[in-house]
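Trainee: I would like to learn how to read a protein model step by step. Could we start with the basic vocabulary and then apply each idea to the case in front of us?

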Amino acid sequence: MKMRNIKTIISREYLTRVKKKSFLLTTFLVPVFFAAMCILPSVIMFMAKEDGKKIAVVDQSGLVMPYLEDSEAVSYTDFSEEPADSLKAEYEALGYDALVVVSPLDSIAKTVSVVSYSSKPLSVDLKDRIASRAEEAVEDYRISLYEMGNLKQIMEEVSVDISVSTYTMDESGEEQITSSEVYMIISMLLSMIIYMFIAMFSGMVMQSVIEEKASRVVEVLVSSVKATELMFGKIIGVACVALTQFFLWILLTLVLVGGFSAFVGFDSLMGDPAQAEQMMDMTAQMGGVDVQEMTAAMTEESGMGAVLTTLGNINWVQMIFAFIIYFTLGYLLYASFFAAIGSAVENEADTNQLQLPVTIPLLLAFFIALYAFNAPDSAVVWWGSMIPFTSPIVMLSRIPFGVPGWELALSVVLLVATFIGCGWASAKIYKIGILMFGKKTNFKDLWKWLKQK
């Protein structure tokens, strides 16, 4: 292979793609999307303040009403002396948004039931607020039955909420507080980003090969350069496009988020502390994380202080360098497969069967990486970070938790060796398949091409 020809093809692929309107559009729109994903949750929570609701309450138990406290969002009016059935028909005419009816106390179960009536469903926040006040009222009533005046105080004193402060120690014995949640988030983000990039840009190589083959442009190209030079030039050219777009996305996203935060002010962006805590709880529940642990993460020692310390102690140079290495090698490995597949077919509809053996290890790596934070040194995660077909994704998910240097070196060496072998095999298939027309290719044909000298 002649490097001069490969450089020419790389330059052609790169310049052709970066000049496309689709490249420019996605390059500028994706950072806007990422910035919106960072900003919108806080903005929405800040702006989504419920207007002052007026609630009519019929408390047939006599327990709950004293616990329903007015706030800016809701005010309660006691209608316990009125029959609930008649109020159902006229609470709106009286200017109330909802009617809440508390049942008489169940003498056996020692509890009450709460029912609300409204023309529109109550918000989740208001419903939970009423439920928590009712629970508190019933708990206090049950405590009073024990006829121990200080029982509630005793229960509060014996109740304990323990959070674990985590420290890491370097070789010199120096301690540094850390946050496992930060490592978990970074691990998951790195896994998702590299999976998306490898799948997206490898698919772009396959689509480009199919288009050139279908339009017969490839016949002109291979008359000037070797098929292997064309394949590797195309793969490396798209890799350069991918890295260019990735760094532009990071830069533009940081500029947009930083500019917006500076314009509106960080405190305004964060909004009301209660709403920020509510958003944190919702995020924790969606992510399957214990809410109490996340709440503990707001304390200075075990949480925000640990978060900032952890972010400051992360070796970002190593992280970015590792991302570039594993993305580049992982992309080259899978792009060579997709280039070979693209050369063997004449349209995208015929690629489904041939793609399956390639996409399965890629998906497997993604699923292993998503759960790597639970046990980054477990056998399945360790082997996933060593096997070349899964290591680009799984190893990146382990790096935030610390990986010995020899494991990184071994993983990279195995990945390079596998790419060389698979690249050579893909080149043999590409060289023959790119000029094959009029026949639907199967795995038997690929094997036959691979054995040809």
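Mentor: Let us begin with the words for the pieces of the chain: helices and strands are DSSP runs, numbered from the N terminus, where a helix has at least four residues and a strand at least two. With that vocabulary we can place K110, which is found in the loop between β3 and β4. Please keep in mind throughout that this is a predicted model.

Trainee: What can be said about the phi angle of K110, and is K110 buried or exposed, or something in between?

Mentor: Phi of K110 is near 55°, which is a positive value in a residue other than glycine. As for its surroundings, K110 is partly exposed, since its relative accessible area is 27% and that term covers the range between 20% and 50%. Another loop residue makes a useful contrast: G62, found in the loop between β1 and β2, is exposed, with a relative accessible area of 54%.

Trainee: How do I work out the order of the strands in a sheet, and which strands stand at the edges?

Mentor: The general idea is to follow which strands pair through bridges, and two strands count as a pair if at least two bridges are found between them. Here 4 strands form an open sheet with mixed pairing, in the order β2-β1-β3-β4. The edges are taken by β2 and β4, each of which has a single partner strand, so one side of each is left without a neighbour in the sheet. From one strand to the next, the twist averages 25°.

Trainee: How many bridges join each pair, and in which directions do the strands run?

Mentor: Between β1 and β2 there are 5 bridges, and these strands run parallel; K53, for example, has V74 in β2 as its bridge partner. Strand β1, residues 53–59, is also joined to β3 by 5 bridges, again in parallel, and there A56 stands opposite L99. The pairing of β3 with β4, residues 114–117, is antiparallel and has 4 bridges, with V101 standing opposite V115.

Trainee: Why is strand β3 described as largely enclosed?

Mentor: In a regular strand the side chains alternate between the two faces of the sheet. In β3, which spans residues 98–102, 5 of the 5 residues are buried, so the strand is largely enclosed by the rest of the structure. Both of its faces are covered, with A98, V100 and V102 buried on one side and L99 and V101 buried on the other. You can also find helix α4, residues 124–144, lying across β1, β2, β3 and β4 and running at about 50° to β2.

Trainee: What is the largest nonpolar core made of, and which helix supplies the largest share?

Mentor: The general idea is that in soluble globular proteins, nonpolar side chains tend to be buried together. The largest nonpolar core in this model has 69 residues, and those with the most contacts inside it are Y326, Y331 and I399. Several helices each supply at least two residues of this core, among them α6, α8, α14 and α17, while the largest share, 17 residues, comes from α13. If we leave aside neighbours within four places in sequence, I399 is in contact with Q318, M319, A322, Y326 and L408. There is also a second, separate core of 17 residues, which includes V57, L63, V74 and A137.

Trainee: Finally, how many disulfides does the structure hold?

Mentor: The structure holds 0 disulfides. Among its cysteines, C240 is partly exposed, with a relative accessible area of 31%, whereas C422 is buried, at 15%.

Definitions and conventions: Residues are numbered from 1 along each chain as its sequence is written. This is a predicted model: local features need pLDDT of at least 70, side-chain atom pairs count only at pLDDT 80 or more; totals for chains, interfaces and linings use all residues. Side-chain values use heavy atoms; hydrogens and water are left out. A disulfide is a pair of cysteine sulfur atoms within 2.5 Å. Buried means under 20% relative accessible area, exposed over 50%, partly exposed in between (1.4 Å probe, protein chains only). Axes are lines fitted to C-alpha atoms, for helices over the stretch in contact, and angles run from 0 to 180 degrees between N-to-C directions. Contact means heavy atoms within 4.5 Å. A nonpolar core is a set of buried Ala, Val, Leu, Ile, Met, Phe, Trp, Tyr and Cys residues joined through side-chain atoms within 4.5 Å.
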